[in-house]
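Grab a pencil and work through these exercises one at a time. Try each task yourself before you read its solution.

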Amino acid sequence: YSDSTISTGTGCTACVVLLTPTKIFTANAGDSRAVLSRKGNALPLSNDHKRKLNRTQKNTAAGGDIVNGRVNGGLNLSRSFGDFNYKRVKGKNWDEQPITCKPDITEYSRQSDD
């Protein structure tokens, strides 16, 4: 792509739930979330990808830094689509960048009271 044809400073997040007759699959990339009511109680199906919540070595190893709880002082999440300014560390694969769109995927068995 060319910097002149794609906005490099914008992005979005996604949280997708797939229901089958027996399973619940959730794919989450960003600060979106899915919650299931099970027996009247809230069951989180996903976790927000906020750097304040997910303090790991990943960002530093990817060439980024946490400044005031934000990636390189900007984004407050660790996964998103777009946001190409955070995905340009040479020698790193797409899923090793400071910000990646690789989702966390969860699987739950469906119950009659969901």
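**Exercise 1. A hairpin**

Which residue in the turn of the E4-E5 hairpin has a positive phi, and how many residues lie between the two strands?

Solution, step by step:

- Before you start, note that this is a predicted model, where local features need pLDDT of at least 70, side-chain atom pairs count only at pLDDT 80 or more, and totals for chains, interfaces and linings use all residues. Residues are numbered from 1 along each chain as its sequence is written, and side-chain values use heavy atoms, with hydrogens and water left out.
- Find the strands: E4 covers residues 35-38, and E5 covers residues 41-44. Helices (H or I, at least four residues) and strands (E, at least two) are DSSP runs, numbered from the N terminus.
- Look at the turn: 2 residues sit between E4 and E5, and Lys39 has a positive phi of about 55°.
- Check the pairing: E4 and E5 run antiparallel, with 4 bridges. Two strands pair if DSSP finds at least two bridges between them.
- Match up partners: Leu36 faces Leu43 in E5, while Arg38 faces Asn41.

**Exercise 2. Two faces of a strand**

Work out which residues of E4 point to the covered face and which to the uncovered one.

Solution, step by step:

- On the covered side you'll find Leu36 and Arg38.
- On the uncovered side are Val35 and Ser37.
- Now test Arg38: its relative accessible area is 15%, so it counts as buried. (Buried means under 20% relative accessible area, exposed over 50%, partly exposed in between, with a 1.4 Å probe and protein chains only.)

**Exercise 3. What surrounds Arg38**

List what Arg38 touches beyond its neighbours within four places in sequence.

Solution, step by step:

- The contacts (heavy atoms within 4.5 Å) are Leu43, Ser109, Arg110, Gln111, Asp113 and Asp114.
- Zoom in on Ser109: the Arg38 side chain comes to 3.0 Å from the backbone oxygen of Ser109.
- Then Asp114: its side chain and that of Arg38 make a salt bridge, 2.8 Å from N to O. (That term means a side-chain nitrogen of Lys or Arg within 4 Å of a carboxyl oxygen of Asp or Glu.)
- Place both ends: Asp114 is in the segment after E9 and Arg38 is in E4, so this pair ties together parts that are 76 residues apart in sequence.
- Compare the cover: Asp114 is partly exposed at 31%, whereas Arg38 is buried at 15%.

**Exercise 4. Another salt bridge**

How many salt bridges does a search of the whole structure find? Find the one that involves Glu107.

Solution, step by step:

- The search turns up 2 salt bridges.
- Glu107 pairs with Lys23, and their closest N and O atoms are 3.1 Å apart.
- This links distant parts of the chain, with Glu107 in strand E9 (residues 104-109) and Lys23 in strand E3, 84 residues apart.
- Both ends are partly exposed: Glu107 has 48% relative accessibility, and Lys23 has 25%.
- Keep the general idea in mind: side chains of opposite charge can pair when their charged atoms come close.

**Exercise 5. A three-stranded sheet**

In what order do the strands of the sheet with E2, E3 and E9 run?

Solution, step by step:

- The order is E2-E3-E9, and this open sheet of 3 strands is antiparallel.
- The edges are E2 (14-19) and E9, as each pairs on one side only.
- From one strand to the next, the twist averages 15°.
- E2 and E3 share 6 bridges, and Leu19 is opposite Ile24 in E3.

**Exercise 6. Ile24**

Is Ile24 buried or exposed?

Solution, step by step:

- First locate Ile24: it lies in strand E3 (residues 23-29).
- With a relative accessible area of just 2%, Ile24 is buried.
- Leaving aside neighbours within four places in sequence, its contacts include Val17, Leu36, Leu45 and Tyr108.
- Glu107 is 83 residues away along the chain, yet the C-alpha atoms of Ile24 and Glu107 are 5.7 Å apart.

**Exercise 7. The whole protein**

How many helices and strands does the protein have?

Solution, step by step:

- Count them up: 1 helix and 9 strands.
- Read from the N terminus, the elements go β-β-β-β-β-α-β-β-β-β.
- Of its 114 residues, 29% are buried.

Note on methods. A polar contact is a pair of N or O atoms within 3.5 Å; within protein, one must be able to donate a hydrogen and the other to accept it, and residues adjacent in sequence count only if both atoms are side-chain atoms. Axes are lines fitted to C-alpha atoms, for helices over the stretch in contact, and angles run from 0 to 180 degrees between N-to-C directions.
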